[in-house]
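Please walk me through this structure in the viewer, one selection at a time. Tell me what to pick and what I will find there.

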There are 2 protein chains.
Amino acid sequence: MVRRASADQISFRDELVAAALLVPSGVPGLFGRGAIFEEIRRRVDARISAAAAPDGALAISFPPLLPREQLETIGYLHSFPQLAGSVFSFDGDEAQALAQGERADRHEVWSEFQTMTELVLVPAACYPVYPAIAARGPLPEGGFVVDAGGGWVFRHEPSDDPARMQMFHQREIVRLGAPEEVRVWRDDWSQRGLELLESLGLDARRDRANDPFFGRAGRMLARNQREQELKLELLVPIAGEEPTAVASFNYHQDHFSSKFDLRLADGGVAHTACLGFGQERIVLALLRTHGLEPDAWPEAVRRELWPR
Amino acid sequence: MVRRASADQISFRDELVAAALLVPSGVPGLFGRGAIFEEIRRRVDARISAAAAPDGALAISFPPLLPREQLETIGYLHSFPQLAGSVFSFDGDEAQALAQGERADRHEVWSEFQTMTELVLVPAACYPVYPAIAARGPLPEGGFVVDAGGGWVFRHEPSDDPARMQMFHQREIVRLGAPEEVRVWRDDWSQRGLELLESLGLDARRDRANDPFFGRAGRMLARNQREQELKLELLVPIAGEEPTAVASFNYHQDHFSSKFDLRLADGGVAHTACLGFGQERIVLALLRTHGLEPDAWPEAVRRELWPR
């Protein structure tokens with residue numbers, strides 16, 4: 001089922017395709033990217049790196065797949081079953097391979113030949129961080145910051161809105177430490193992030209928000225998340241009537257640390273927070289705000305992204 | 001089933017992990033990468049870009065997922081069913097979501113709640129190129145070169161050999177044009193690639209090769225591929241007794257162009273060729289050959305990767 005997009009969103013997508021900034025794949029929300037789109041995305045990533053330099057983070061990059069067991073441990077399938085992607089593969093004999101191939105030739109269903117693997121798609125770029133850091137033992141005094149770079153993440157929500165891709169880059173930084181220091185880091189970063197977007201000439205505002213938890217039980221989780229101000233978002237106009245969230249700043253309390261037994265130097269349970277910049281959405285906001293030709297963007301914006 | 005690795009390969013993997021160059025995920029062949037590993041990989045990518053500059057390629061980047069229909073059209077499931085990964089997702093109601101979540105909590109099987117999506121994992125970084133270029137109409141006079149960058153590809157072959165990852169980066173460049181110009185490009189590049197690896201101090205040799213076609217019918221395809229010299233590989237020692245293929249140069253004849261109706265300017269059927277550098281394998285070969293500390297690599301190698 002393809003999520004509805006507004007006429008404005010669809011026509012923005014068509015403009016991006018006509019300008020070869022995005023290359024349609026045939027599946028909604030899955031695009032190739034032209035050289036100019038990628039260049040802007042890399043520049044936005046570098047601009048975030050500059051803002052993040054004071055954190056002195058440890059950089060670890062992760063692939064777009066995650067061990068299935070970790071997704072299970074995190075409980076993702078309770079909160080967001082509708083968004084998860086699992087990886088299946090073939091483990092049969094030659095006769096089955098032939099039957100599967102012939103079904104595929106006719107574009108008919110071949111799912112019965114596929115079985116679940118140990119892998120799922122990464123749904124949030126911070127997920128691989130928690131088990132990787134837990135494996136190192138207790139955190140050092142003062143905690144720890146991990147920069148997971150700009151990893152690919154998957155959300156199964158096909159849409160004609162170019163700002164709602166199924167596969168996109170999330171620049172994620174994770175803070176692990178004592179509750180107070182983690183929360184302060186999260187709050188500070190929401191302000192740093194706001195200033196970053198404003199420096200790019202974007203009309204950004206900060207707001208409390210909630211994740212798209214699934215079902216009726218999810219509504220309570222969402223209300224709780226808002227009341228406790230666990231999720232802050234930065235919103236920017238792209239296409240459509242409502243502004244779009246392009247970054248979020250999330251205080252997880254002990255949600256991840258309790259599952260992976262992440263400990264402070266003194267043995268107490270660590271808390272964690274993360275920030276995520278949706279790189280494609282920021283690129284789209286820039287293209288929408290300043291036009292499809294970066295050479296013609298305001299000088300002040302160009303200086304931020306192409307310094308010197 | 002995890003593919004056997006030699007003691008030498010396993011101990012090389014353990015050295016890489018101890019040096020934080022690779023970060024184990026818990027699943028064989030799936031690793032996070034430390035900052036130094038990524039820095040070398042990016043430098044190798046830039047060195048390939050320098051070698052590729054004369055091609056004047058059009059750059060398009062693609063996500064790690066491909067429309068399932070394209071995989072079907074290409075016939076991949078006949079040739080390599082054992083390596084393909086398909087993406088499944090949840091499309092049920094609240095009761096089913098709860099049942100699925102509870103199974104996952106207990107790390108039990110929840111595959112029955114998952115259905116096949118329109119997406120599969122990219123098995124070779126050149127695959128998204130053919131339909132994208134076909135959509136532009138006939139090729140210009142003299143054909144066309146597309147640089148698909150360093151995209152993530154998936155091969156379902158869990159192994160303890162660090163040189164056999166399930167998810168890795170393939171730097172792919174595709175040539176589309178008349179048969180003779182495509183074949184000449186492929187042959188020239190196999191020489192350029194050999195010189196590139198030699199300039200990095202690697203003990204590389206070129207050989208004819210075949211893909212790991214599945215089953216008995218596959219043996220004939222493999223023999224045919226070798227006899228016609230459709231696949232050339234560059235092999236370099238990493239760990240283990242046999243050298244490892246780190247790059248391949250493939251002449252597809254009309255295999256892809258006939259499926260996507262890729263036409264020459266004069267209306268004839270185009271031929272295609274591609275080259276792929278396995279980025280992680282080249283990084284591993286460098287680390288194995290020159291040691292785990294890039295600062296201590298030979299000056300001539302450092303100059304190639306960190307020019308000026």
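## A tour in selections

Begin with A:Ile60, which stands opposite B:Gly34 in strand 2 of chain B. The model on screen is predicted.

**Strand 2 of chain B.** Widen the selection to strand 3 of chain A, residues 58-61, and strand 2 of chain B: the two pair in the antiparallel sense over 2 bridges. Now turn to strand 1 of chain B, residues 22-24, which also pairs with strand 2 of chain B in the antiparallel sense, here over 3 bridges. To find this pairing, pick B:Pro24, which stands opposite B:Phe31. Strand 1 and strand 2 of chain B form a hairpin with 6 residues between the strands, and B:Gly26 in this hairpin has a positive phi near 105 degrees.

Is strand 2 of chain B, residues 31-34, covered on both faces or open? Both faces are covered: B:Phe31 and B:Arg33 on one side are buried, and so are B:Gly32 and B:Gly34 on the other.

**The open sheet.** Next, select the strands in the order 1(A)-2(A)-3(B)-7(B)-8(B)-12(B)-11(B)-10(B)-9(B); they make an open sheet of 9 strands with mixed pairing. Its edge strands are strand 1 of chain A (22-24) and strand 9 of chain B (205-208), each of which pairs on one side only. On average, and ignoring direction, neighbouring strands of this sheet are turned by 25 degrees against each other.

Inside the sheet, show strand 3 (residues 58-61) and strand 7 (residues 144-154) of chain B, which run parallel and are joined by 2 bridges. B:Ala59 stands opposite B:Asp147 in strand 7 of chain B. Then add helix 2 of chain A, residues 35-52, which packs on the sheet and touches strand 1 and strand 2 of chain A as well as strand 3 of chain B. The direction of helix 2 makes about 85 degrees with that of strand 2 of chain A.

**Between the chains.** Colour by chain. In this view, 65 residues of chain A are in contact with 66 residues of chain B. The two chains bury about 5,300 Å² between them, with 68% of it on carbon and sulfur atoms. There are 20 residue pairs in polar contact between chain A and chain B. The largest share of the side of chain A that touches chain B comes from helix 5 of chain A (residues 94-105), with 8 residues.

How many salt bridges cross the interface of chain A and chain B? The count is 2. For a salt bridge to look at, select A:Glu94 and B:Arg216, whose closest N and O atoms are 3.5 Å apart.

**B:Ser86.** Go to strand 5 of chain B, residues 86-90, where B:Ser86 is found. B:Ser86 counts as buried because its relative accessibility is 0%. Its side chain makes a polar contact with the side chain of A:Gln114, at 2.7 Å. Beyond neighbours within four places in sequence, the residues in contact with B:Ser86 include A:Ser86, A:Trp110 and B:Met116.

**Two positive phi values.** Finish with two residues other than glycine. A:Glu229 has a positive phi near 55 degrees and lies in the loop between helix 8 (215-227) and strand 10 (231-236) of chain A. With a relative accessible area of 27%, A:Glu229 is partly exposed. B:Arg308 has a positive phi near 65 degrees and is found in the segment after helix 11 (299-305) of chain B. B:Arg308 is exposed, at a relative accessible area of 96%.

Technical notes:
Residues are numbered from 1 along each chain as its sequence is written. Chains are lettered from A and ligands numbered from 1 in the order in which they are written. This is a predicted model: local features need pLDDT of at least 70, side-chain atom pairs count only at pLDDT 80 or more; totals for chains, interfaces and linings use all residues. Side-chain values use heavy atoms; hydrogens and water are left out. Buried means under 20% relative accessible area, exposed over 50%, partly exposed in between (1.4 Å probe, protein chains only). Helices (H or I, at least four residues) and strands (E, at least two) are DSSP runs, numbered from the N terminus. Two strands pair if DSSP finds at least two bridges between them. A polar contact is a pair of N or O atoms within 3.5 Å; within protein, one must be able to donate a hydrogen and the other to accept it, and residues adjacent in sequence count only if both atoms are side-chain atoms. Contact means heavy atoms within 4.5 Å. Axes are lines fitted to C-alpha atoms, for helices over the stretch in contact, and angles run from 0 to 180 degrees between N-to-C directions. Buried area is the accessible area (1.4 Å probe) that two parts lose on being put together, summed over both. A salt bridge is a side-chain nitrogen of Lys or Arg within 4 Å of a carboxyl oxygen of Asp or Glu.
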